[in-house]
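Q: Please take a close look at a single part of this structure and place it in its surroundings. I would like the cut-offs behind each term as well.

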Amino acid sequence: MSGMNMGDTTKEPAQVQAQTATASGTVKAVDPAKGTVTISHGAVPSLKWPAMTMAFAASQEQLESVEVGEKVTFEFKAEGMNASILNITKAE
Ligand SMILES: [Cu+2]
């Protein structure tokens, strides 16, 4: 569980803040060469994201743990629309 970073109040006006969020969805593509997993995910209210299909940066280990067509739950870090997987597991 990640806590809220209430103490992080350094002033960086124009900077996009990295946020973590959790979502679930279906794996649409795994691309080890690019280091991405494409997931059709549900809405992410905390980031004001609608449901969409998008690529997330992922480690080789994370990419090896999922397969196209699988339903997954995952935690990710987003800076704007740049998102990387923190952890990903099969949804049962
Ligand atoms: Cu998205």
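A: Strand β4 and its surroundings

E79 has N82, in β5, as its bridge partner. The model is predicted, so local features are reported only at pLDDT of at least 70 and side-chain atom pairs only at pLDDT 80 or more, while totals for chains, interfaces and linings use all residues. Residue numbers start from 1 along each chain as its sequence is written, and side-chain values rest on heavy atoms, with hydrogens and water left out.

β4 and β5 run antiparallel and are joined by eight bridges; two strands count as paired if DSSP finds at least two bridges between them. Their hairpin has two residues between the strands, and G80 takes a positive phi near 65 degrees there. Strands here are DSSP runs of E with at least two residues, helices are runs of H or I with at least four, and both are numbered from the N terminus. The protein chain holds one helix and five strands, in the order β-β-β-α-β-β from the N terminus on.

The side chains of β4 lead to the aromatic pairs. Rings of Phe, Tyr and Trp (for Trp, the six-membered ring) are paired if their centres lie within 6.5 Å; planes under 30 degrees apart are called stacked, over 60 edge-to-face, and the rest tilted. Four such pairs turn up in a search of the whole structure. One of them is W49 with F76: the ring centres are 5.4 Å apart and the planes meet at 20 degrees, so this pair is stacked. W49 sits in the loop between β2 (36-41) and β3 (52-57), whereas F76 belongs to strand β4 (residues 71-79), 27 residues apart, and the pair thus links distant parts of the chain. W49 and F76 are both buried, where buried means under 20% relative accessible area, exposed over 50%, and partly exposed in between (1.4 Å probe, protein chains only).

F56 and F74 make an edge-to-face pair, at 5.0 Å centre to centre with 70 degrees between the planes. Since F56 is in strand β3 and F74 in strand β4, this pair ties together parts 18 residues apart in sequence. F56 counts as buried because its relative accessibility is 0%, and F74 is buried at 1%. W49, F56, F74 and F76 together form one aromatic cluster.

The cluster leads on to the core. A nonpolar core is a set of buried Ala, Val, Leu, Ile, Met, Phe, Trp, Tyr and Cys residues joined through side-chain atoms within 4.5 Å. The largest such core has 20 residues, and those with the most contacts inside it are V37, I39, W49, F56, F74, F76 and I85. β1 (19-31), β2, β3, β4 and β5 (82-90) are the elements that give two or more residues to this core. The largest share, four residues, comes from β4. In soluble globular proteins, nonpolar side chains tend to be buried together.

I39 shows how these parts meet. Apart from its neighbours within four places in sequence, I39 is in contact (heavy atoms within 4.5 Å) with G25, T26, K28, M52, T53, M54, F56, V72, F74, I85 and I88.

Two residues from that list, M52 and M54, also bind metal: the copper ion is coordinated by M52 (SD), M54 (SD) and H41 (NE2), at 1.9 to 2.5 Å. Donors are N, O and S atoms within 2.8 Å of the metal (3.2 Å for Na, K and Ca), and as water is not among the atoms, sites may look incomplete. Along the chain, the donors are spaced as H-x10-M-x1-M. M54 counts as buried because its relative accessibility is 9%.

The loop that carries W49 also holds K48, a residue with a positive phi of about 60 degrees although it is not a glycine. Most residues other than glycine have a negative phi. K48 counts as exposed, at 77% relative accessibility.

For the chain as a whole, 30% of the 92 residues count as buried. Among contacts between residues at least 6 apart in sequence, 50% join residues at least 24 apart.
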